[in-house]
Amino acid sequence: MPAYDSETVRPVVWLPLPAEDIDDLPEGLEYAFWDAGDEYPTDPARCVFYCVPYMKGAEPSVRPLAQMSRVRVVQTLTAGIDHMESGLASLPPGAQLCNARGVHDASTAELALTLTLAALRDIPGFVRAQDAERWSTAFRPALADRSVLIVGYGAIGSAIEDRLTPFECARVTRVARSARETERGPVHPLAALPELLPDADVVILALPLTEATRSLVSTGFLGRMKDGALLVNVARGAIVDTKALLAEVETGRLRAALDVTDPEPLPPGHALWHAPGVLITPHVGGPSSAFLPRARRYLRDQLHRFVAGDPLHNVVVTAG
């Protein structure tokens with residue numbers, strides 16, 4: 001049976017992409033385009049499936065939820081759902097919040113590798129030298145023979161290891177919320193970090209922001225990293241204690257490559273902009289040419305499941 005009552009309300013789906021841009025959407029639904037504009041495309045009370053606008057921030061994303069009295073599914077196009085937390089209390093009982101696990105694996109993993117290589121080989125320094133028309137050779141560390149620690153071994157963490165494989169790393173160590181075994185080897189629990197950090201040349205963060213991971217990368221975490229190690233963050237800015245990180249990079253003991261920061265966006269004049277050994281990109285792990293094809297495929301599959309009454313992918317919260 002469908003996951004909505006068609007006798008009560010004509011089912012409407014809100015999409016942040018034009019419906020005509022997604023092939024083979026299921027019939028029997030009305031599709032409305034909304035990408036966080038001031039005016040809603042339909043009465044929010046008619047919406048049964050709400051796909052959240054992509055990268056528009058928390059306020060517009062949760063704004064219509066209080067009026068969506070018949071919504072059955074709230075679907076993000078991000079792996080993280082922290083921007084939706086303030087609206088969860090508005091969901092009617094039984095409504096499901098789904099994330100987009102798998103949609104950003106390729107793009108985010110590519111950026112993690114890009115940031116790692118660029119920081120190790122000092123590409124920013126060479127770009128500055130080019131701007132100054134200065135031929136400046138230098139000896140820099142390679143990724144080969146380095147020990148890499150991936151903190152957050154979900155779909156994105158696994159995709160990062162896929163891309164590390166050809167680079168002849170000395171070892172790749174995996175950490176997730178709880179221990180488990182994979183075909184590649186063991187995944188260690190977060191509790192094992194104190195003993196794992198001192199061995200890592202590169203620490204890549206790819207874990208979700210939760211109350212348990214907020215400020216996980218604290219003075220103690222950073223203090224256990226070896227001298228000269230590189231911290232790469234493609235997760236969420238608030239996982240890292242910015243003040244603690246600044247204290248380490250300003251001495252030159254550690255380096256960092258950050259796609260996300262706390263605060264975010266990083267305001268003009270913030271110390272991170274010019275901190276030594278810090279490379280910053282403006283939260284671009286997801287938005288690449290890889291995003292739209294994967295987002296369209298995922299939404300099409302979710303909507304067919306929704307109409308058929310089949311279990312949805314990536315349900316992270318069910319309203320009680």
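Helix α7 covers residues 242-249 of this predicted model, and six of its eight residues are buried, so the helix is largely enclosed by the rest of the structure. If you would like to find them on screen, the buried residues are T242, A244, L245, L246, E248 and V249. Notice that a charged residue, E248, belongs to that buried set. What do these residues pack against? Their partners are the helix α6 (219-224) and the strands β11 (230-233), β12 and β13.

Now look at the start of α7. Here a side-chain oxygen of D241 comes to within 3.1 Å of the backbone nitrogen of K243.

Step back a little from the helix and you reach the loop between β11 and α7, where I239 sits. Is I239 buried or exposed? Its relative accessible area is 0%, and buried means under 20%, so I239 counts as buried. Leaving aside neighbours within four places in sequence, I239 touches L205, L207, P208, L209, T213, S215, L216 and V217. Another residue to locate is G152: 87 residues separate it from I239 in sequence, while the two C-alpha atoms are 11 Å apart in space.

The next stop is the empty space inside the protein. Rolling a probe the size of a water molecule over the atoms shows where such space is left. Searching the whole structure this way turns up one cavity of 30 Å³ or more, and the largest cavity holds about 50 Å³. Two residues of α7, T242 and L245, are part of its lining, and both are among the buried residues of that helix. The other lining residues are N233, G237, V240, L258, V260, T261, D262 and L272. Sorted by class, this lining has five nonpolar, four polar and one charged residues.

Finally, turn to a space that is open rather than closed off: the second largest pocket, with a volume of about 210 Å³. Sixteen residues line this pocket, and D122, P124, G277, V278 and L279 lie nearest its centre. Which elements build the wall? At least two lining residues come from each of α2 (105-120), α3 (123-131), β12 (255-258) and β13 (278-280). The helix α2 gives the most, with three residues. By class, the pocket lining divides into 10 nonpolar, two polar and four charged residues.

The strands β12 and β13 link the beginning and end of this walk: the buried residues of α7 pack against both, and both supply residues to the lining of the second largest pocket.

Technical notes: Residues numbered from 1 in each chain as written. Predicted model: local features only at pLDDT ≥ 70, side-chain atom pairs only at ≥ 80, totals over all residues. Heavy atoms only, no water. 1 Å grid on protein atoms, 1.4 Å probe; cavity = no way out; pocket = protein on both sides within 12 Å on 5 of 7 lines; lining within 4 Å. Points joined across faces, edges and corners; volume = space filled by probe spheres on them. Helix = DSSP H or I, 4+ residues; strand = E, 2+ residues; numbered from the N terminus. Buried < 20%, exposed > 50% of the residue type's maximum accessible area, 1.4 Å probe, protein only. Contact = heavy atoms within 4.5 Å. Polar contact = N/O pair within 3.5 Å; in protein donor to acceptor, adjacent residues only side chain to side chain.
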